[in-house]
Amino acid sequence: DDLLFPESDLDTIDIFTCEPFGNLVQHNRSESSGVSFTVSRDGPVELNDGVDFFASKDRWSRPVMVRTGPDGALWVADMYRYMIEHPQFLPEEGKTELKDFYRLGDDRGRIYRVYRKGQDLRRPPNLEMLTSSELVATLENRNGWQRDTAQALLVDRNDTSVVPELMKMAAASKEPLARLHALYALQGLDALTPAILKGGVADLSPGVRRHAVRLSEKLQNDHSGLSEALLKVVDDTDAKVRMQLAYSLGEWSGEAVATALGRLAFADEMDPFMAAAIISSVNTDNLMGVLLSLLDERSKDSRGGELLGPLLDLAVAYDNREATIRALDAVLTEKADLEWQYGAVASLLDALDRRDAANQGASDLHSSVMAKVGGLMASARRSSLDGGAPEAQRKAAIRLMARNADTRPADIESLGLLLRAQ
């Protein structure tokens with residue numbers, strides 16, 4: 001509620017954490033950072049003076065919940081108990097000693113309403129008595145409780161007569177949160193359209209764009225205009241929007257979808273959360289396209305491609321021989337980056353080893369791969385022993401040592417030499 005934090009925006013969240021055992025409530029501030037966020041005690045005055053937001057000398061005070069109230073105040077629920085621990089977790093002697101105090105205070109409790117000094121609180125209406133049109137207008141209210149309740153009532157009433165009003169709000173409201181509530185109210189009324197979602201995907205607010213992508217998952221495959229708008233999100237400036245796209249792409253099909261996943265895999269592969277989102281959307285139908293898209297992006301400037309290893313692991317797991325061999329051929333034709341080649345092939349061989357161990361025997365695919373990588377393995381053997389080669393390249397090369405039965409004794413001897421003091 002802006003009565004509490006008028007300076008906040010959609011990228012800033014004030015967090016209140018109850019600690020009933022310590023009789024206090026801590027206030028932290030979350031700031032958006034890439035696909036995640038950072039949390040600190042920086043911000044309002046009370047965060048800088050070394051004092052917790054709420055702290056009591058009354059040892060019975062047990063704050064257990066903090067919520068924004070419909071009046072714009074911060075409501076703090078104080079359970080008020082002599083004991084906050086559950087008896088089950090006490091030692092046996094403690095259970096006996098404290099038995100008479102288990103429920104002490106169960107007839108008491110408090111709710112504090114905290115608000116800025118001199119601030120007049122809101123007088124919330126009885127939302128159940130409002131018309132559906134008035135509930136739509138309430139979605140622009142600056143109080144979160146009132147917005148949430150108004151949206152819930154709209155969906156519960158299933159009053160489709162306000163769909164045009166919700167569409168207008170989703171497209172033109174000056175409040176990003178109102179546009180977001182309108183989209184979800186339309187979803188609850190089963191009235192979302194490709195046109196409305198297309199507008200949401202292009203919204204000025206990253207938060208609205210992210211949710212519009214998510215809401216498009218059930219419609220994208222059937223509407224080309226919406227599909228085109230969604231695929232442009234690959235280049236969105238906001239990392240959280242791109243991560244949502246990475247998750248949502250797994251719900252869709254088509255060559256363009258695989259290409260988009262490959263582009264994301266190339267551009268955002270170094271972020272572990274983004275990498276997890278991308279991998280979660282790869283399946284048997286799009287794996288080949290994702291691999292080829294990633295390799296095509298890498299071929300343009302000979303950098304990146306670190307997600308190739310996990311993708312090759314999936315190719316082996318899916319028993320996709322064609323995707324595995326085509327990706328391997330693309331790796332072997334690149335001559336500019338030995339470190340990347342060594343790492344990619346080593347990851348592929350690791351995946352094949354795991355599969356063979358599970359199947360208790362070497363596969364035909366493993367044999368085919370080994371027949372293709374003989375030259376690269378010889379190169380890796382030379383690089384690993386070359387004191388003048390870059391350290392990262394030598395480390396990657398060592399991963400390919402002792403893979404071939406014919407050269408394994410010599411490789412092991414060479415690796416032993418590397419372990420000696422230099």
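How much area does the protein chain expose, and what share of it do carbon and sulfur atoms supply? The chain exposes about 22500 Å², and carbon and sulfur atoms supply 51% of that area. Please keep in mind while reading that this is a predicted model.

## The overall picture

Let us begin with the whole chain. The protein chain contains 19 helices and seven strands. Its radius of gyration is 29 Å, well over the 22 Å that the globule rule gives for 422 residues, so the chain is more spread out than a compact globule. Taken along the principal axes, the box filled by the C-alpha atoms is roughly 80 × 65 × 40 Å. As for burial, 44% of the 422 residues count as buried. Sequence separation adds another view: among contacts between residues at least 6 apart in sequence, 59% join residues at least 24 apart.

## Two helices and their surroundings

Helix α5 is a good place to look next. It covers residues 176–188, which makes 13 residues, and it reaches 19 Å from its first C-alpha to its last, close to the 18 Å expected at 1.5 Å a residue. Its buried residues are Ala178, Arg179, Leu180, His181, Ala182, Leu183, Tyr184, Ala185 and Leu186. These buried residues pack against four helices, namely α3 (144–157), α4 (163–172), α6 (194–201) and α7 (206–215). Just after α5 comes Asp190, which takes a positive phi of about 55 degrees.

Now turn to helix α13, residues 308–317. Why can α13 be described as largely enclosed by the rest of the structure? Seven of its ten residues are buried, so the description follows from that count. The buried residues are Leu308, Gly309, Leu311, Leu312, Leu314, Ala315 and Val316. They pack against α11 (272–280), α12 (287–301), α14 (321–333) and α15 (338–359). After α13 comes Asp319, whose phi is positive, near 55 degrees.

## A buried arginine without a salt bridge

Arg147 belongs to helix α3, one of the helices that the buried residues of α5 pack against. Which side chain of opposite charge is nearest to Arg147, and how far away is it? That side chain is Asp148, 5.5 Å away, and Arg147 has no salt bridge although it is buried. A salt bridge here requires a side-chain nitrogen of Lys or Arg within 4 Å of a carboxyl oxygen of Asp or Glu. Leaving aside residues up to four places away in sequence, Arg147 touches Thr138, Leu139, Asn141, Arg142, Leu177 and His181. Of these, His181 is also listed among the buried residues of α5.

## Salt bridges

How many salt bridges does the count come to? The count comes to 26 salt bridges. Three of them are set out here, with the N to O distance for each pair.

| Positive partner | Negative partner | N to O distance |
|---|---|---|
| Arg110 | Asp58 | 3.8 Å |
| Arg103 | Asp106 | 3.4 Å |
| Arg209 | Asp236 | 2.8 Å |

Asp58 and Arg110 meet through their side chains in a salt bridge. This pair links distant parts of the chain, 52 residues apart: Asp58 sits in the loop between β4 (54–55) and β5 (63–68), while Arg110 is in strand β7 (residues 110–114). Asp58 counts as partly exposed at 25% relative accessibility, and Arg110 is partly exposed with a relative accessible area of 33%.

In the pair formed by Arg103 and Asp106, Arg103 is exposed, with a relative accessible area of 56%. Asp106 is partly exposed, with a relative accessible area of 40%.

Are the partners Arg209 and Asp236 buried or exposed? Both Arg209 and Asp236 are buried, and their side chains meet in a salt bridge. Arg209 lies in helix α7 and Asp236 in the loop between α8 (224–231) and α9 (239–248), so the pair ties together parts that are 27 residues apart in sequence. Elsewhere, Asp2, Arg122, Arg142 and Glu175 are joined into one network by salt bridges that share partners. Arg142 has appeared already, as one of the residues that Arg147 touches.

## Toward the last helices

One more residue rounds off the report. Thr407 is found in the loop between α18 (391–398) and α19 (408–418). It is partly exposed, with a relative accessible area of 24%. The C-alpha atom of Thr407 is separated by 9.6 Å from that of Ala378, and the two residues are 29 residues apart along the chain.

Note on methods
Residues are numbered from 1 along each chain as its sequence is written. This is a predicted model: local features need pLDDT of at least 70, side-chain atom pairs count only at pLDDT 80 or more; totals for chains, interfaces and linings use all residues. Side-chain values use heavy atoms; hydrogens and water are left out. Buried means under 20% relative accessible area, exposed over 50%, partly exposed in between (1.4 Å probe, protein chains only). Helices (H or I, at least four residues) and strands (E, at least two) are DSSP runs, numbered from the N terminus. Contact means heavy atoms within 4.5 Å. The expected span of a helix is 1.5 Å times one less than its number of residues. Lys and Arg count as positive and Asp and Glu as negative; His and the chain ends are not counted. The radius of gyration is taken over C-alpha atoms; the globule rule is 2.2 Å times the number of residues to the power 0.38. Accessible areas come from the Shrake-Rupley method with a 1.4 Å probe; for residues, only the protein chains shown count as cover.
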